[in-house]
Amino acid sequence: MAKRRMITLDIYDSDDFLDMPTESQNLFSHLVVRADDDGFVSNPKRLRRMLGYGDNVFDLLIAKGYVLAFKTGYVVIAGWPSMNRVEPSKKTITNAKYEISQLRSINKRYELIENADTSIFEDASRKVLEIRQQMSRKVLAQVRLGKDSIGKFSTGQIKDEDDEEIKKSLKNESSNNPFQKNSIEELLANNPEIIGLSNELFSDLMVDNPDQAVIAVEAIIGQYWRLRALADDGNTAIAVKEQLHGKNNGIISIIKDAAQEQLKYMKSRLANFNMFGHYFEKGLIDRVNTEISSGGSDNATI
């Protein structure tokens, strides 16, 4: 497999791509450089966990059509034909032979062939279409709420039933939106490994500012699963911690030390408390990296 990849600015300079969170942009870049000569990646979920990102970061790439996901675990870069072409004499044939048989290249972009066996796709593929429809309806409803309501209000024509209908529509879309933030309760229920640590670090924050607490807890969860993947790959620093504290407890101890250092650093420096989650997440990543590479340091910053 080639070690160099081309990335087209037609994608990276587009408003659609730049409007995505930086995490999704970064994950896409990692997928591109790790793809085989036909644009397939065999371990996207493992890569996501190693980067410390949540499912929604990857789901957004699917929803926006930057990657196609298969039930077999493979993903393919949809715009691969426009970015990379390997000479046949130097090309390594992809292992995703069945998956590539279900694709065709149109205008330098992978698409499903008309008679493709769609059973190879995850059930989530149908959800992707629903996500796009929901997002479209939500945008239209927001435009209507912001545009029509202003116009009607200025002319005295707004009707209560119209406003309630729009609000009801937005509420329903929000309840079905897979990209909305999970509650603290949902996050902890789905990740029991970090319940004790999260309560120890953020018990007051959960009460006073739950929105920021969600971001902070998600950062803890992302680092936990990232370190779990690195431990399974044989990371020496994590192995030593797990020998001392036990499996999982070793990882928790690394995250706890890094988190406490970051909180201590932020205590006297954070001016805008509404940015707590962002600063904590960034600092936690830097400090965890320091912990597992050099045994700890007090020099990481936000």
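A residue counts as buried when its relative accessible area is under 20%, and as exposed when that area is over 50%. With that in hand, here are some exercises on this predicted model.

**Exercise 1. Find the buried face of helix H4.**

Task: Which residues of helix H4 (residues 44-51) are buried, and what covers them?

Solution:
- Step 1. Begin with the helix itself: Pro-44, Leu-47, Arg-48 and Leu-51 are the buried residues in H4.
- Step 2. Now look down the axis of H4. The buried residues fall within an arc of 100 degrees, so they line one face of the helix.
- Step 3. Next, turn to the cover. It includes helix H3 (22-34), strand E1 (40-41), helix H5 (55-63), strand E3 (75-77) and helix H12.
- Step 4. Finally, step past the end of the helix. H4 is followed by Gly-52, which has a positive phi, near 80 degrees.

**Exercise 2. Follow strand E3 through one residue.**

Task: Is Val-75 buried or exposed, and which residues does Val-75 contact beyond four places in sequence?

Solution:
- Step 1. Place the residue: Val-75 belongs to strand E3.
- Step 2. Compare with the cut-off. The relative accessible area of Val-75 is 2%, so Val-75 is buried, given that buried means under 20%.
- Step 3. List the partners. Outside its neighbours within four places in sequence, Val-75 is in contact with Leu-31, Gly-39, Phe-40, Val-41, Pro-44, Phe-58, Leu-68 and Ala-69. One of these, Pro-44, is a buried residue of H4.
- Step 4. Add a distance. Val-75 and Ala-35 are 40 residues apart along the chain, and their C-alpha atoms are separated by 9.0 Å.

**Exercise 3. Examine a buried charge.**

Task: How far is Arg-226 from the nearest side chain of opposite charge, and which residues does Arg-226 touch?

Solution:
- Step 1. Locate Arg-226 in helix H12 (residues 210-232).
- Step 2. Check for a partner. Arg-226 is buried and has no salt bridge; the nearest side chain of opposite charge is that of Asp-286, 8.2 Å away. A salt bridge would need the charged atoms within 4 Å.
- Step 3. Name the surroundings. Setting aside residues up to four places away in sequence, Arg-226 touches Arg-49, Met-50, Leu-51, Gly-52, Ile-285, Val-288, Asn-289 and Ile-292. Among them, Leu-51 is a buried residue of H4, and Gly-52 is the residue with positive phi that follows H4.

**Exercise 4. Look at a loop with positive phi.**

Task: What are the phi values of Asn-107 and Lys-108?

Solution:
- Step 1. Find the loop. Asn-107 lies between strand E4 (103-105) and strand E5 (110-112), and Lys-108 is in the loop between E4 and E5 as well.
- Step 2. Read the angles. Phi is positive at Asn-107, about 55 degrees, although Asn-107 is not a glycine. Lys-108, also a residue other than glycine, has a positive phi near 60 degrees.
- Step 3. Check exposure. Asn-107 counts as exposed, at 73% relative accessibility, and Lys-108 is exposed with a relative accessible area of 56%.

**Exercise 5. Decide where to read with care.**

Task: Which elements of the chain have the lowest and the highest mean pLDDT?

Solution:
- Step 1. Take the whole chain: its mean pLDDT is 76, and 73% of its residues reach 70 or more.
- Step 2. Go element by element. Helix H8 (residues 124-155) has the lowest mean pLDDT, 47, while E1 has the highest, 94.
- Step 3. Look for low stretches. Over residues 173-181 the pLDDT stays under 50, and the model has 19 contacts for them beyond four places in sequence. Residues 295-302 also have pLDDT below 50, with 19 contacts beyond near neighbours in sequence.

Definitions and conventions
Residues numbered from 1 in each chain as written. Heavy atoms only, no water. Helix = DSSP H or I, 4+ residues; strand = E, 2+ residues; numbered from the N terminus. Buried < 20%, exposed > 50% of the residue type's maximum accessible area, 1.4 Å probe, protein only. Lys, Arg positive; Asp, Glu negative; His and termini not counted. Contact = heavy atoms within 4.5 Å. Arc of directions from axis to C-beta. pLDDT = per-residue confidence, 0-100.
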